[in-house]
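Please work through the exercises below with the sequence and the coordinates at hand. Each task is followed by a stepwise solution.

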Amino acid sequence: MEPYHTLYIALLLLFSFLLIICLIRAVKGPRVADRLMAVNMMGTMVMVMISILALLLNEGYLIDICLIYAMISFLSVVVLSKVYIGIYEERMHKENGKEDNSHDSI
Amino acid sequence: MTAFEWIRFLIGSLFLLVGVVIFLTELFGVFHFKYVLNRMHAAAMGDTLAISACLLGLMIFSGLNFTTLKLFLIIVFLWFASPVSSHVLAKLETVTCENLHEHCEIYEDISGLERELAARTEDKIAETAKETEAPVS
């Protein structure tokens, strides 16, 4: 099984390199949505890496971990987006309330 | 390894190669575009197409057993999850961005967009009619 082993190791090295490039995008991204999108991309690549590892080690249960990782990655993107929308709306609401109060006092 | 196993190895590694090339395209697009809503278009490609190609290659490697079924389950889950997460991210961007009109056109109601599209198609029809008439006259 020599060619399979070589291929898996090469793919794992390549994906780790791509992950670092994704991390650069997450650090550079000027907006919150940029960072969340980069995290989503990293999750996709980690899923492929876990699947390759499952076949490399010949352990079927690692695929279950991959499935759970997919679900948690999806959940994290949805929940963080909702949280940031909530924070933004609350802040806007607060600023508008302050402006109204200042108008009243004047 | 026998000839059949070599053919299986080659087909599987071809699928994996396609997946890796699509991942590279995705990364290029993410660094090439200038705005989040454009970048999202490139990033959504990797979530469905690239991981499908990679896992299809791994399914061919693993043969016909329970692991293949679970890999297929991941692909099916991502088909449903990726559009939803892209939609939620786009919603986050459109809600929180205060100068969105600098990056794209915004229509307050859908009838304005429909009117503009109808005008555009009418212009196109008129142009093509002119082009076809020009050589005759």
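The following exercises concern a predicted model.

**Exercise 1.** Characterise the side of chain B that touches chain A.

*Solution.* Begin with the contacts: 37 residues of chain B are in contact with 36 residues of chain A. Next, assign the chain B residues to helices: α1 (3-32), α2 (36-62) and α3 (66-96) of chain B each supply at least two of them. The most comes from α3(B), with 17 residues. Finally, sort this side of chain B by residue class, which gives 26 nonpolar, six polar and five charged residues.

**Exercise 2.** State the domain assignment of chain B and how far apart the domain centres lie.

*Solution.* The domain assignment gives domain 1 (3-98) and domain 2 (107-137) of chain B. Taken over C-alpha atoms, the centres of domain 1 and domain 2 of chain B are separated by 38 Å.

**Exercise 3.** Test whether the length of helix α2 of chain A agrees with the expected span.

*Solution.* Helix α2 of chain A covers residues 32-57, which is 26 residues. At 1.5 Å a residue, taken times one less than the number of residues, the helix should span 38 Å. The end C-alpha atoms of α2(A) are 37 Å apart, so the two values agree.

**Exercise 4.** Describe the backbone and the exposure of A:N58.

*Solution.* First, locate the residue: A:N58 comes just after α2(A), in the loop between α2 and α3 (61-105) of chain A. Second, consider the backbone: phi of A:N58 is near 60°, a positive value in a residue other than glycine. Third, count neighbours: 10 other C-beta atoms lie within 10 Å of A:N58. Exposed residues have 12 or fewer, and therefore A:N58 is exposed.

How values were computed: Residues are numbered from 1 along each chain as its sequence is written. Chains are lettered from A and ligands numbered from 1 in the order in which they are written. This is a predicted model: local features need pLDDT of at least 70, side-chain atom pairs count only at pLDDT 80 or more; totals for chains, interfaces and linings use all residues. Two residues are in contact if their C-beta atoms, placed from the backbone, lie within 7 Å. Helices (H or I, at least four residues) and strands (E, at least two) are DSSP runs, numbered from the N terminus. Ala, Val, Leu, Ile, Met, Phe, Trp, Tyr, Cys and Pro count as nonpolar, Asp, Glu, Lys and Arg as charged, and the others, Gly among them, as polar. Domain bounds come from an automatic or database domain assignment. A residue is buried if 20 or more other C-beta atoms lie within 10 Å of its own, exposed if 12 or fewer, and partly exposed in between; C-beta atoms are placed from the backbone.
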